[in-house]
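Subject: Structure handover

Hi,

Here is the structure I promised to pass on. Please open it alongside this note.

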Amino acid sequence: MNFELSEEQQLLQQTVRQYLENECPPTHARAVFEGETGFDPALWKGMVEMGIAGLHLAEAYGGAGLEMIDLAVVSETIGWGGAPGPFLGHALAGLAIQLGGSDAQKERWLPRLAAGDALATIALAEAGGLWQPEDWTLAAGNKLEGAKVNVPFASLADVFVVGVAGGGLALVEKAAAGLEIHPMGGVDRGRRIDRISFEGTPAEALPKGAEISSRVRDAGLVLLAADAFGAGSRLLDMCVKYAKTREQFGVTIGHFQALKHQLANMALEIEPARALYWYAAHAFDHIQAQAPRSAALAKAHLTDRAMQIARDSVEAHGGIGFTWECDVQLWFKRILFDRAFLGTPAVHRERAAKLAGW
Amino acid sequence: MNFELSEEQQLLQQTVRQYLENECPPTHARAVFEGETGFDPALWKGMVEMGIAGLHLAEAYGGAGLEMIDLAVVSETIGWGGAPGPFLGHALAGLAIQLGGSDAQKERWLPRLAAGDALATIALAEAGGLWQPEDWTLAAGNKLEGAKVNVPFASLADVFVVGVAGGGLALVEKAAAGLEIHPMGGVDRGRRIDRISFEGTPAEALPKGAEISSRVRDAGLVLLAADAFGAGSRLLDMCVKYAKTREQFGVTIGHFQALKHQLANMALEIEPARALYWYAAHAFDHIQAQAPRSAALAKAHLTDRAMQIARDSVEAHGGIGFTWECDVQLWFKRILFDRAFLGTPAVHRERAAKLAGW
Amino acid sequence: MDLSYGKQYEDFRAEVQTFLARHWPPKGTDAGQNKEEGARRFRELASEHGFLNRAIPKQYGGSEQEPDEIKANIIREEFMKARAPGDVRGIGTMMLVPTLLEKGEDWQKEKFVAPTIRGEFGWCQGYSEPGSGSDLASLKTRAELIGDEWVINGQKIWTTTAKTADYMFCLCRTEPEASKHAGISYLLIPMKQPGIEVRPLRQMTGGADFNEVFLTNAKTPKNWIVGKRGEGWLVSRATLKHERNSIGAAAQSTAVFAGLVHLAKTAKRGGKPAIEDSEVRQRLATIEGYVRSHEYSGYRQLTLNARGENPGILQLLNKLSSTNIGNEVAKLALDLLGEDGLLDPTAAEEMVVLPTGSRSWMNQYMYSLGIAVAGGTANIQRNVIGERGLGLPRDVFADRSPGK
Amino acid sequence: MDLSYGKQYEDFRAEVQTFLARHWPPKGTDAGQNKEEGARRFRELASEHGFLNRAIPKQYGGSEQEPDEIKANIIREEFMKARAPGDVRGIGTMMLVPTLLEKGEDWQKEKFVAPTIRGEFGWCQGYSEPGSGSDLASLKTRAELIGDEWVINGQKIWTTTAKTADYMFCLCRTEPEASKHAGISYLLIPMKQPGIEVRPLRQMTGGADFNEVFLTNAKTPKNWIVGKRGEGWLVSRATLKHERNSIGAAAQSTAVFAGLVHLAKTAKRGGKPAIEDSEVRQRLATIEGYVRSHEYSGYRQLTLNARGENPGILQLLNKLSSTNIGNEVAKLALDLLGEDGLLDPTAAEEMVVLPTGSRSWMNQYMYSLGIAVAGGTANIQRNVIGERGLGLPRDVFADRSPGK
């Protein structure tokens with residue numbers, strides 16, 4: 001029985017964390033957040049060099065061949081750092097190709113994705129909150145007609161993994177005819193989203209797409225839960241730090257029992273939930289029977305808890321927490337993204353209920 | 001615009017309150033609560049002498065001819081005092097006869113009920129949570145076969161108002177053949193309940209029963225909401241008093257900000273809700289279109305709020321609040337009764353939703 | 001108990017309606033004139049009829065009416081229905097004017113009251129500072145009397161309307177040696193001067209309803225002080241008892257709840273309208289319990305205020321009730337918004353943006369947090385409820401606070 | 001990460017299972033003997049095999065095993081499955097024995113440890129007093145050394161198992177002139193003596209799991225003191241670091257949640273099984289989020305404890321997690337019980353009473369409140385989390401507390 005990160009995993013986490021502390025302090029995250037594209041090539045390049053782009057891809061294709069737990073721990077750390085960038089879409093698209101692609105497709109894409117020479121993203125949702133594979137209506141085929149929404153960093157992507165009717169997946173390339181990209185006004189400006197539309201756009205199905213699209217969704221739920229945990233615990237750190245420095249009535253406000261107990265409750269909300277995403281990530285590779293449900297539960301619970309932490313953090317910072325200048329908003333909006341992307345907590349609680357046979 | 005009690009109503013409330021402070025201090029309430037019957041004839045006699053038994057009955061029948069708001073204010077005060085006794089069943093049964101009875105029935109019963117010479121109660125619920133008129137299955141007719149549960153103080157009653165299939169109401173007298181009474185182990189020992197069964201038991205329908213049984217139910221909801229408000233605010237008083245006297249770490253615990261804020265939150269939960277039962281009581285007589293829904297909302301909201309106050313009160317009293325000797329339990333259990341009798345908050349929230357056309 | 005207004009008041013309502021029918025919108029000769037001028041004239045007229053500026057003495061341009069909360073409420077209702085300009089709103093009429101009338105010198109009333117209630121003088125409030133927050137005793141902005149001018153240096157924050165204001169009523173430390181509150185004075189300061197810089201303070205929602213105000217050797221005449229030197233904190237408290245309009249707060253809760261029900265009807269859950277979902281219904285009805293309690297308690301306060309009786313703790317609970325309801329509404333709204341929760345309420349138009357409905361809800365979701373800012377956080381409120389409302393002892397730190 | 005126990009441990013598990021298969025329930029010649037004697041013999045045997053009393057030195061009747069949380073957990077699991085008697089539970093083995101082993105004199109260990117772990121000596125704890133509660137510094141029970149006996153006068157409360165206990169380990173004030181904690185000593189007192197009266201303390205649920213203990217010139221030998229005079233408070237703290245078994249707490253949450261799901265399946269709402277109701281499903285899944293977090297965090301603590309690493313704040317959160325989960329479960333249960341919420345869980349049998357299922361839930365509803373009593377209220381817990389867990393400054397009153 002060992003439910004703790006391995007030394008390698010702890011080292012990985014420390015490395016990423018160290019990198020983000022140096023290269024992406026809040027001032028930098030904010031600059032990118034407020035910038036044109038929400039993307040910092042240099043920052044992403046650095047992550048690629050750490051092997052993050054191919055962490056979960058087979059070594060045969062230049063990846064590190066690691067597991068979901070490793071990827072999730074990185075996701076937590078990125079959420080903790082509030083780092084902008086295309087990690088989520090790139091990781092999920094790569095996973096989809098690895099699990100569902102033909103050898104040719106894998107050979108064509110995985111090495112470039114692992115090396116960061118190409119950027120991939122996922123186009124799953126359709127307007128009206130249609131996130132889940134069974135919801136997709138976009139007609140399959142080698143020419144696509146229609147649209148997808150909430151596509152992370154579509155404008156940067158070289159290749160799209162697109163969800164199609166029947167829960168299948170298809171590849172569309174950047175240059176494909178009839179592909180149009182319309183930016184959406186996403187609330188997390190560090191993870192921009194776009195609407196993409198197809199008009200007779202050439203596409204290539206992933207042979208095993210329909211079998212594994214739900215696995216890709218589950219992976220997404222785990223990564224979002226991990227990101228939310230990272231963001232939530234970062235906010236708690238900020239609040240505690242603020243409570244130790246900010247003075248009122250002649251003492252640091254951390255002396256006030258009411259605030260102290262609010263911070264204690266925040267810790268109680270978020271800290272034990274770390275194990276929830278760990279378990280879901282572990283189950284993804286090792287207890288597959290429980291993987292879908294524990295992923296749903298982790299996403300629902302963690303994004304809800306983190307959202308409450310975010311609200312509490314605004315209060316804990318007093319008026320200033322409500323301002324654009326205060327860094328709380330960066331993580332507040334990051335959590336809004338984690339919460340809504342791939343479906344709200346209510347959706348996944350209902351899924352968890354069904355999966356339990358309730 | 002005048003949304004405040006009249007001087008008469010305030011006087012009525014003060015009189016009842018004064019009476020209960022003198023005649024029913026917690027020590028006495030507890031004695032009756034722990035006693036054989038849960039009933040104190042002398043205490044009830046005193047209330048009758050104050051006119052409480054016939055407050056809402058027509059003056060023609062020896063009542064005071066007052067409105068639901070007056071009755072509700074008394075109910076609040078009885079809840080505040082934690083006074084054991086048959087007020088609820090007696091008041092509702094009298095109302096049923098007044099609204100639904102024939103002249104003969106009214107003449108036979110109302111004067112005696114108003115004078116307290118006879119005691120009445122209501123038998124509405126059937127096993128399985130069938131509280132509402134539309135739920136009743138007991139076959140109507142001048143001979144009854146079956147059973148009713150959760151009948152307040154059946155063993156003391158001279159006459160029962162019994163709910164029958166189709167939402168009708170029938171009168172059954174104490175001496176009626178085939179009427180059997182089985183005590184139930186009610187949690188509020190100040191308002192004992194019984195199961196009553198009929199075997200070819202003679203009954204007499206209230207002519208307008210089916211038209212007015214829902215009015216009787218609504219009245220019950222208002223009185224329970226008022227009782228819960230009284231009980232909840234009494235508990236808050238007790239907690240505040242305790243916080244001002246109990247010492248820890250060398251100061252009265254009211255100094256601790258955490259407890260202070262918990263008490264403030266309790267006040268925030270209960271105090272504004274007073275207006276909610278006032279409105280429902282006022283609507284019962286003056287805004288009948290809104291009466292059913294505002295009664296449902298008041299019962300659901302107030303009994304839930306009061307239940308939470310009761311839990312918080314146990315905590316606010318520390319360990320001692322959990323003991324049988326501490327008076328908190330008397331009101332805690334009173335509120336359990338108010339909450340479950342005539343249906344739980346969830347039931348009435350769903351009714352309120354339907355009534356709003358949601 | 002009687003929720004109608006009663007004959008006498010219904011007559012008064014009719015009177016107001018007739019007046020409005022005749023004079024708003026401007027007719028005949030007045031119709032031509034520009035909108036602003038029309039509003040000004042109408043207000044004058046309404047004031048002459050005793051419908052506006054009721055609490056203000058005639059000599060200072062008011063209509064000096066017997067205080068009557070219910071008439072006041074009827075006027076608010078009818079003017080709103082007719083979309084007619086009512087009393088000039090804003091911190092000047094709400095806070096400065098009552099303060100001047102109670103504590104100001106005659107010449108100050110002469111000079112400031114009339115133009116303020118006519119809307120000609122705009123005001124902003126200079127209380128909060130970056131360092132202080134709820135703790136006024138610790139404020140640092142200093143005013144020094146040099147010759148016959150006050151010279152003011154420091155910084156204020158959370159200053160609404162600072163960009164447009166002509167004057168600021170401001171708490172400054174004038175007696176550095178005096179302790180805490182004793183050293184504070186209440187000054188009136190012209191905003192349009194080189195010594196004052198206003199910087200908008202952007203909120204996380206993207207909007208900018210607040211400002212920072214930097215005072216660098218800003219100047220104001222020696223006698224533009226309300227009350228004596230060092231009495232500033234006392235003077236500032238004078239306004240508090242004028243804060244009322246409990247109905248207002250409740251009405252807002254009722255309105256936002258109606259909006260939430262509408263959202264629940266239009267939003268979808270599991271393919272069906274969300275409002276058909278049992279969890280949504282239960283949560284809506286639960287929130288409504290709080291909303292109606294708040295609304296009906298407002299009726300009660302209106303009644304008590306009208307009788308000049310003190311609503312006691314009810315008054316103290318008002319603000320926190322609004323805050324809590326706002327929070328619960330916002331949370332359910334976010335659940336109902338679903339995927340729209342991904343979108344920025346203030347995103348540029350050329351993008352794919354939120355439907356207007358959702359947009360305002362996303363704003364509300366974040367803004368419901370901002371409400372707290374406006375005046376003391378929830379924790380301060382709870383202290384006040386516990387201490388003034390329930391009579392609990394003041395906690396050690398609060399003893400140093402100006403709360404008493 | 002590996003949630004299986006791994007080969008070495010699975011082998012150990014097999015070993016335990018074989019042992020149990022062979023020896024429990026008692027077979028052959030032992031089968032005849034009475035139950036108690038059977039249990040005693042089995043425990044002896046299990047101890048010889050190193051399955052029980054693992055932390056206790058051989059010389060004091062233990063099996064003195066290398067500490068191994070995981071083996072300990074496997075033993076707990078397998079013994080529970082086989083319904084075999086495990087380590088003697090109770091405050092004696094959990095708190096007194098570790099304290100004696102760390103702070104006691106040899107003769108005290110000789111005399112008390114072995115019989116206690118064999119279950120022959122029952123103990124109760126004399127810490128809380130009516131006046132004190134969480135504030136041990138203020139306790140009043142006095143012990144005076146007269147000749148070579150301590151003479152003890154005072155009152156203790158919340159004393160579980162006082163009725164059956166043979167001895168009490170008790171904090172008494174022995175140095176009246178010394179300040180606060182300094183004046184307290186840790187005494188062992190025989191319960192079966194005229195100077196001690198035990199009165200059951202009835203709970204609101206009707207049961208009586210606690211007692212009051214009145215000491216009136218109760219006596220105990222001079223040398224029945226653990227640690228030096230005035231060190232009592234220090235000695236009592238020694239036990240704290242032995243408090244572990246995080247899994248235990250979580251396992252309880254998991255069990256009670258399973259019960260809740262069962263209740264939701266059997267209870268009705270709107271004529272259908274309540275579990276089909278969307279609100280019930282959402283609330284269940286929300287609670288499960290907390291339950292699983294608690295459960296899996298338990299795995300993590302087990303891992304860290306096994307490695308001798310400090311789980312840090314996780315440890316501090318355990319108790320409050322259990323309390324919160326217990327509260328949420330109880331609330332949903334009450335909603336599901338419907339009309340059964342009217343009935344008294346402890347009503348006499350001859351009445352119409354609750355179905356057993358509901359009965360235990362009504363108990364749980366009230367009892368979930370009692371949990372807090374057992375050791376420090378939720379507010380004390382939050383202080384500990386805030387101060388030891390998050391490193392926030394101690395609040396002024398807590399500074400006077402023994403918490404540090």
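Below is what I found, starting with the two chains and then one helix pair.

This is a predicted model: local features need pLDDT of at least 70, side-chain atom pairs count only at pLDDT 80 or more, and totals for chains, interfaces and linings use all residues. Residues are numbered from 1 along each chain as its sequence is written, while chains are lettered from A and ligands numbered from 1 in the order in which they are written.

**The two chains**

A turn of 180° and a shift of 0.0 Å along the axis lay chain B on chain A, with an RMSD of 0.0 Å (least-squares superposition on C-alpha atoms of residues with pLDDT of at least 70 in both copies). That is the relation of a two-fold axis. In chain B, the residue closest to the rotation axis is Ala258(B), at 2.4 Å (C-alpha).

Four residues from chain B and four from chain A make the contact (C-beta atoms, placed from the backbone, within 7 Å). On the chain B side, two are nonpolar, two polar and none charged (nonpolar: Ala, Val, Leu, Ile, Met, Phe, Trp, Tyr, Cys, Pro; charged: Asp, Glu, Lys, Arg; polar: the others, Gly among them). The copies meet through the same surface, because 100% of the interface residues of chain B are also interface residues in chain A.

**A helix pair in chain B**

Helices here are DSSP runs (H or I, at least four residues), numbered from the N terminus. The axes of H4 (residues 68-81) and H9 (residues 274-286) of chain B come within 8 Å and cross at roughly 150° (lines fitted to C-alpha atoms over the stretch in contact; angles run from 0 to 180 degrees between N-to-C directions). H4(B) and H9(B) are therefore roughly antiparallel (over 145 degrees).

Best wishes

Definitions and conventions: Contact = placed C-beta atoms within 7 Å. Helix = DSSP H or I, 4+ residues; strand = E, 2+ residues; numbered from the N terminus. Parallel < 35°, antiparallel > 145°, perpendicular 65-115°, else oblique.
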